[in-house]
There are 2 protein chains.
Amino acid sequence: MKITMAHGSGGRSTSELIGSIFGKYFSNPVLDKMEDASVVEGSGRIAITTDSFVVTPLFFPGGNIGRLSVCGTVNDLLMSGAVPKYITFGVILEEGCDTEDLEKIVASAAETAKEAGVIVVAGDTKVVEGNGGMYINTTGVGFVPEGMDVSASNCQAGDVILVSGHLGDHHAAILSTRMEISNSIESDNAPLREMVDAMKAAGVRLHAMRDVTRGGLGTVLHEFAQSSKACMEIREKDLPVSPEVKGFCGLLGLDPLYMGNEGKMLAVVPAEDAETALSCMKNSRYGENAGIIGEVSHEKDGSVLCHTPIGGVRIVSELIGEGLPRIC
Amino acid sequence: MKITMAHGSGGRSTSELIGSIFGKYFSNPVLDKMEDASVVEGSGRIAITTDSFVVTPLFFPGGNIGRLSVCGTVNDLLMSGAVPKYITFGVILEEGCDTEDLEKIVASAAETAKEAGVIVVAGDTKVVEGNGGMYINTTGVGFVPEGMDVSASNCQAGDVILVSGHLGDHHAAILSTRMEISNSIESDNAPLREMVDAMKAAGVRLHAMRDVTRGGLGTVLHEFAQSSKACMEIREKDLPVSPEVKGFCGLLGLDPLYMGNEGKMLAVVPAEDAETALSCMKNSRYGENAGIIGEVSHEKDGSVLCHTPIGGVRIVSELIGEGLPRIC
């Protein structure tokens with residue numbers, strides 16, 4: 001069935017659409033009450049984040065806009081040190097959107113929410129003119145444990161920098177699809193709950209965390225260097241990049257340091273906690289290619305330095321120009 | 001300046017747009033930290049609601065999509081009995097959107113948030129292909145006071161039904177604009193914080209509250225009747241409708257009972273609290289035309305009855321067919 005303007009008019013078609021697709025997959029005691037605002041258990045400190053997703057195409061190798069929309073918001077909550085609890089799901093459908101596609105996307109979002117340990121507590125559906133596209137907004141609420149203080153400004157000289165896996169996968173997958181290049185590259189879109197929970201449970205002192213999204217690792221390192229007034233030193237040879245993405249980047253002249261992921265994170269921890277953090281990452285889902293990539297110093301505060309395999313040092317500049325649009 | 005895809009690519013143009021427009025109007029100590037997730041004070045019970053706004057045109061008599069997007073979400077929080085605290089603001093801009101219009105819309109949203117007593121704690125901006133349009137998602141978080149229990153299922157026989165003002169204004173304003181009918185009708189888009197706070201402060205026992213939006217008063221009364229397994233009896237002569245909207249409806253054969261508002265509410269309270277509730281509404285901003293319109297009974301459970309001026313009684317049927325699309 002194709003979506004028509006009637007599905008967005010608030011009448012019977014809207015109710016039927018909500019019941020048959022959203023209700024079916026997102027069902028839980030809170031959402032099922034169908035109140036205009038859901039009342040849920042709170043916490044002394046809460047984290048809030050919002051993100052809209054406009055990726056094209058809606059389906060890409062390794063994922064889709066539904067899975068992506070849950071991962072993006074859950075990961076933002078996790079990186080603040082919060083325990084993700086609730087998520088809202090607002091969908092804007094363009095006329096002509098296929099309800100079979102919508103159902104696949106909603107089913108995938110529901111599965112990802114379950115994996116990430118969040119429940120959908122509120123939703124909204126609107127329909128607009130267009131060509132069958134779809135936009136999703138997810139807003140997340142998490143509980144921040146007592147004493148948790150993770151911040152981009154907490155990186156300290158001597159701290160160790162870890163990354164949880166291969167760089168550039170999501171960006172390369174989207175770009176390959178758009179350019180109709182056939183390869184085996186898949187998006188890494190994934191919720192990072194398991195690895196963050198594991199590090200917390202192991203007592204790793206998490207100074208700073210950030211998921212590597214639009215702008216890539218280089219952009220995150222710059223933000224950390226500037227917020228912490230420290231120097232982020234990384235080793236080029238230790239940057240994890242899959243052979244497929246390395247080849248793809250070589251071909252197109254792209255630098256994996258600036259390419260977006262949707263299921264990778266950077267963690268900055270005290271040196272004595274680094275091995276524990278690494279083993280937590282490696283033993284978690286999506287973390288098998290995690291690695292230690294460098295250290296924090298005061299070599300050149302506010303900057304990112306990269307040690308090359310032949311013994312040189314180059315300054316990693318801020319992202320110049322524009323990234324790829326509609327990647328997330 | 002016109003919005004281009006570069007404004008959504010995550011690079012410098014995006015930062016400049018965010019700084020020069022969103023940062024300028026939404027600035028507060030939480031948002032200014034520019035974290036991916038904001039950590040804020042919480043509460044034992046919280047209310048969460050989400051809504052996307054796709055109204056056309058973006059500017060209409062009496063308001064715009066920015067003001068509307070804050071009112072809609074704040075009012076949903078208020079109706080659950082929560083004290084609105086935080087709001088998120090996710091914008092999807094179509095290429096060609098005018099930044100002067102965007103600035104007016106953001107300024108209006110910021111002013112409305114201030115009036116409603118909420119702060120913007122998270123935001124997001126994306127750009128898509130299109131014709132200069134705009135979509136806004138707002139998600140609201142409020143604190144639910146101890147003992148507060150407002151629900152559509154709490155209406156009790158003997159309770160009195162109040163409505164806070166003229167019906168149908170928003171719907172009639174949007175429709176007039178689209179049909180290029182020149183009249184003095186303005187949208188009522190407004191945050192209802194002042195009147196709800198006043199009723200709470202006066203100790204009014206609020207059994208049920210609901211803002212009258214898409215579907216109109218008739219739809220809200222039906223939901224109350226069915227959730228509470230009671231009968232909602234209203235008097236036609238007491239329904240507040242402005243002469244302009246009454247004339248407009250007569251001309252087009254519309255029934256104000258099913259027309260959407262964006263700044264009106266229904267309250268169901270015990271009979272002994274009705275006069276207090278009415279005076280709270282009338283003395284609050286946007287409540288000068290409030291009135292008592294009927295009572296809850298067990299005359300015909302699950303139904304809505306309307307007493308006509310000539311002494312008859314008609315059953316108010318559920319909304320048949322579809323409402324007006326893209327009204328909110």
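In strand β10(B), Arg210(B) finds its bridge partner in Leu266(B). That pairing belongs to a predicted model, and here's a quick tour of it, starting from that spot and ending where chains A and B meet. Arg210(B) sits in β8(B), which pairs with β10 (residues 265-269) of chain B in the antiparallel sense, over four bridges.

**The sheet in chain B**

- Zoom out from that pair and you get an open sheet of seven strands, running β8-β10-β7-β11-β9-β12-β13 in chain B, with mixed pairing.
- The edges are β8 (208-211) and β13 (313-315) of chain B, each of which pairs on one side only.
- On average, neighbouring strands in this sheet are turned by 25° against each other, if you ignore direction.
- Helix α8 (residues 274-282) of chain B packs on the sheet, where it touches β7 (160-163), β10 and β11 (291-297) of chain B.
- The direction of α8 in chain B makes about 5° with that of β7(B).

**Strand β8 in chain A**

- Over in chain A, β8 (residues 208-211) is joined to β10 (residues 265-269) by four bridges, and the two strands run antiparallel.
- Met209(A) has Ala267(A) as its bridge partner in β10(A).
- Both faces of β8(A) are covered: Ala208(A) and Arg210(A) are buried on one side, Met209(A) and Asp211(A) on the other.

**Where the chains meet**

- Chain A puts 56 residues into the contact, and chain B puts in 56 residues.
- On the chain A side, the elements giving two or more residues are β1 (38-53), α2 (65-79), β4 (83-94), β5 (119-128) and β6 (134-143).
- The top contributor on that side is β1(A), with 15 residues.
- By type, the chain A residues touching chain B split into 24 nonpolar, 21 polar and eleven charged.
- Strand β1(A) also pairs across the contact: nine bridges join it to β1 (residues 38-53) of chain B, and the two run antiparallel.
- One of the partners to look up is Ser38(B) in β1(B), which bridges to Ile48(A).

**How the copies are related**

- A turn of 180° with a shift of 0.0 Å along the axis lays chain A on chain B, at an RMSD of 0.0 Å.
- That's the relation of a two-fold axis.
- If you want to find the axis on screen, go to Ser43(A): among the residues of chain A, its C-alpha comes closest to the rotation axis, at 2.7 Å.
- The copies meet through the same surface, because 100% of the interface residues of chain A are also interface residues in chain B.

How values were computed. Residues numbered from 1 in each chain as written. Chains lettered and ligands numbered in written order. Predicted model: local features only at pLDDT ≥ 70, side-chain atom pairs only at ≥ 80, totals over all residues. Contact = placed C-beta atoms within 7 Å. Nonpolar A, V, L, I, M, F, W, Y, C, P; charged D, E, K, R; others polar. Pairing = 2+ DSSP bridges. Least-squares fit on C-alpha atoms with pLDDT ≥ 70 in both. Buried ≥ 20, exposed ≤ 12 C-beta atoms within 10 Å, placed from the backbone. Axes fitted to C-alpha atoms, helices over the stretch in contact; angles between N-to-C directions.
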